[in-house]
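Got the model open in your viewer? Let's walk through it one selection at a time, starting with a single helix and working outwards.

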Amino acid sequence: WFSLEASTPRKDSLEKVEKLINHPRFDPMAPNAVRAVLGGFSSNTKGFHAIDGSGYNFMAEQIIELDKRNPITASRLVKVFSRWRSYISINREAMFKALISISDSELSSNTREVIELILSD
């Protein structure tokens, strides 16, 4: 249910996902719950790839916080940015900014390794 709700394209996709991560049944310590919501959101074209970059910024913030409590899941989730160079310029630039914000954070070695690979490709 979490994945379906997070991946459904709608005008208020980001607001919906924010509500999902604050839902009483959402467990931020459960990797499957995190993947369901954030992974679902990453497949939500309207929300994740919003032209204003809000979806990328939200995901970056979530990855930074997730890395503090579950570096393995964060390092896997950051891969949603791995094809950033293949998007049109407005999305590419917004994704790059989100990647830099992640990179500029204090990260686990797991997530740091993946982010460096993504930025170096």
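**Stop 1: helix α2**

Select residues 13–21, which make up helix α2, and show the side chains: Ser13, Leu14, Val17, Leu20 and Ile21 are the ones to colour, since they are buried. Now look down the helix axis. These residues span an arc of only 115° around it, so they sit on the same side of α2. Keep in mind as you go that this is a predicted model.

What covers that buried side? Switch on α1 (2–7), α3 (31–42), α4 (45–48) and α5 (54–69), which are among the elements covering the buried residues of α2.

**Stop 2: Ser42**

Stay with helix α3 and pick Ser42, which belongs to that helix. Is Ser42 buried or exposed? Its relative accessibility is 19%, and the cut-off for buried is under 20%, so Ser42 counts as buried. Next, add the residues Ser42 touches, leaving out anything up to four places away in sequence: Phe48, His49, Met59 and Val80.

**Stop 3: Ser105**

Jump along the chain to the loop that links α7 (89–103) with α8 (109–120), and select Ser105 there. This loop residue counts as buried because its relative accessibility is 17%. Which residues is Ser105 in contact with, once neighbours within four places in sequence are set aside? Show Ile64 and Arg112, and you have them.

Now try the distance tool from Ser105 to Glu65. The C-alpha atoms are 9.9 Å apart, while the two residues are separated by 40 positions in sequence.

**Stop 4: zoom out**

Go back to a cartoon of the whole protein. You should count eight helices and zero strands, so to speak an α-α-α-α-α-α-α-α run from the N terminus on. Turn the model along its principal axes, and the C-alpha atoms fill a box of roughly 35 × 30 × 15 Å. The radius of gyration is 13 Å, which agrees with the value near 14 Å that a compact globule of 121 residues would have.

Try colouring by burial: 45% of the 121 residues count as buried. If you draw contacts with a separation of 6 or more, 56% of them come from residues 24 or more positions apart.

**Last stop: the surface**

Finish with a surface view. About 6700 Å² is exposed, and carbon and sulfur atoms supply 51% of that. Then colour by charge: there are 16 positive and 15 negative side chains, with the centres of the two sets 6 Å apart.

Key. Residues are numbered from 1 along each chain as its sequence is written. This is a predicted model: local features need pLDDT of at least 70, side-chain atom pairs count only at pLDDT 80 or more; totals for chains, interfaces and linings use all residues. Side-chain values use heavy atoms; hydrogens and water are left out. Helices (H or I, at least four residues) and strands (E, at least two) are DSSP runs, numbered from the N terminus. The radius of gyration is taken over C-alpha atoms; the globule rule is 2.2 Å times the number of residues to the power 0.38. Buried means under 20% relative accessible area, exposed over 50%, partly exposed in between (1.4 Å probe, protein chains only). Contact means heavy atoms within 4.5 Å. Accessible areas come from the Shrake-Rupley method with a 1.4 Å probe; for residues, only the protein chains shown count as cover. Lys and Arg count as positive and Asp and Glu as negative; His and the chain ends are not counted. The place of a charge is taken as NZ of Lys, CZ of Arg, CG of Asp or CD of Glu. The arc is that of the directions from the helix axis to the C-beta atoms.
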